[in-house]
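Here is the note you asked for, set out as numbered points that can be read beside the sequence and the coordinates.

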Amino acid sequence: MAHPVDPLTELPHDERIRSRKLAGGVATIIADATGLSETEGKQLEAEIRSAALAMPGVSEARIAMTAAQTARTLIAIGSGKGGVGKSTVSANLAVALAKAGKKVGLIDADVYGPSQPTLLGKHDKPTAENEKLIPVEAHGIKFLSLGQLVSPGHALAWRGPMATGALANLMDAQWGDTELLIVDLPPGTGDVQLSLIQRSRPAGAVIVSTPQDLSLIDARRAVDLFNKTSVPVLGIIENMATYACPHCGEESHPFGTGGAEAAATEMGVPFLGRLPLSLAIREASDAGRPLAAEADTFATIADNLMKSLKQGGQHAPHP
């Protein structure tokens, strides 16, 4: 005698259903909402309930929703001083990591100079749900920036407590299934950096510097801050290292070259790679099209970063 087909096997979102049972006309279903926002979770529940009630023999549907805590790794991107291309590197690194298959979020915590909306070409204001911001999506990543919350051209004349409170709101947003959360910090070693370290404890930090001594003096201070707060330094990136003439192709070094790599070796910090002073990167950044979305310029650095993260950062073998 053939057994009747269980109608509950035809439910939508089968990949999220963990258990199902039909007895006495009552369908009992357990679904996994891990990584979904509250709105998406409610939609999932409604669609499963509606489909169950439409099936023959089902008079009542009881849906239980579960969600596992998403494991999330926080990486801080810092610099000792401004003007070294930290925000551009942060945006491109986030996009490169997403292209490598990671679920990436980016927080623009550069309170006094938020530039990620311009770099990512997305100025949409984020919405909120239950007093939590919902990140905006661009180029395969999710991101939030204070630049989305203020009018263009307006200065953020905030004291330390206001800046750290704003950072807390960005950190507590609905990041869903984000695995890697990249935080683009302001230059220096002030309140925002200390607040992030005390409140959220990054898995590691990356320092961006240009090759010349003047920049490296401040890069060393940034490394020292993370050392003193027991945050592993995952590596140093040397930016604006080489300039190739667009007419003859001859390479020159306006800011020197190799300085950041030498400093990394001296401090026992991994060297993640160097980037050129490039017209293509500048034009792509101004246009809101991170070069990492179209080319592999940042792929090697992103790969070295993940290797350093697995090895624990500081004192890891040189890539």
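1. N130 sits in the loop that runs between β6 (127-129) and β7, and in this model, which is a predicted one, its phi is near 50°, a positive value in a residue other than glycine. With a relative accessible area of 53%, N130 is exposed, a class that requires a value over 50%.

2. The strand that follows this loop, β7, covers residues 132-134 and includes K132. K132 has 40% relative accessibility and therefore counts as partly exposed. Once its neighbours within four places in sequence are set aside, K132 is in contact with T127, D172 and Q174. As for G35, K132 is 97 residues away from it in sequence, and the two C-alpha atoms are 15 Å apart in space.

3. Which residues does Q174 touch, not counting those up to four places away in sequence? They are S37, E38, E129, K132, L133, I134 and P135, so K132, already named above as a contact of Q174, appears again from the other side of the pair. Q174 itself belongs to the loop between α4 (160-171) and β10 (180-184), and at 16% relative accessibility it counts as buried, because that class takes values under 20%. A polar atom of the Q174 side chain also lies 3.4 Å from the backbone oxygen of E129.

4. A positive phi near 50° in a residue other than glycine is likewise found at R201, which is placed in the loop between α5 (191-200) and β11 (204-209). Is R201 buried, partly exposed or exposed? Its relative accessibility is 44%, so R201 counts as partly exposed.

5. M65 is a residue of strand β3, which spans residues 60-66, and with 29% relative accessibility it counts as partly exposed. Leaving out residues up to four places away in sequence, M65 touches A31, A33, G41, L44 and E45. Between M65 and K132, which are 67 residues apart along the chain, the C-alpha separation is 20 Å.

6. Helix α7, made up of residues 259-267, has G259, A260, A263 and A264 as its buried residues. Viewed down the helix axis, these buried residues fall within an arc of 135°, so they line one face of α7. On the other side of the helix, T265 and E266 are exposed. What do the buried residues of α7 pack against? Their partners are α6 (213-228), β12 (233-238) and β15 (271-274). Just after the helix, G268 takes a positive phi of about 70°.

7. How many cavities of 30 Å³ or more does the structure hold? There is one, and the space in the largest cavity comes to about 40 Å³. Its lining consists of G78, S79, L185, P186, G188, Q193, A222, L225 and F226. Helix α6 gives the most to this lining, contributing three residues, and α6 is also among the elements against which the buried residues of α7 pack. Sorted by class, the lining of the largest cavity contains five nonpolar and four polar residues, with no charged residues. Rolling a probe the size of a water molecule over the atoms shows where empty space is left.

8. Turning to the protein as a whole, its secondary structure comes to nine helices and 15 strands, and the C-alpha trace spans about 80 × 45 × 40 Å along its principal axes. Of the 319 residues, 47% are buried. Among contacts with a separation of 6 or more, 73% are accounted for by residues 24 or more positions apart; within the residues discussed here, the contacts of Q174 with S37 and E38 can be inspected as individual cases alongside that overall figure.

Terms used: Residues numbered from 1 in each chain as written. Heavy atoms only, no water. Buried < 20%, exposed > 50% of the residue type's maximum accessible area, 1.4 Å probe, protein only. Helix = DSSP H or I, 4+ residues; strand = E, 2+ residues; numbered from the N terminus. Arc of directions from axis to C-beta. Contact = heavy atoms within 4.5 Å. 1 Å grid on protein atoms, 1.4 Å probe; cavity = no way out; pocket = protein on both sides within 12 Å on 5 of 7 lines; lining within 4 Å. Points joined across faces, edges and corners; volume = space filled by probe spheres on them. Nonpolar A, V, L, I, M, F, W, Y, C, P; charged D, E, K, R; others polar. Polar contact = N/O pair within 3.5 Å; in protein donor to acceptor, adjacent residues only side chain to side chain.
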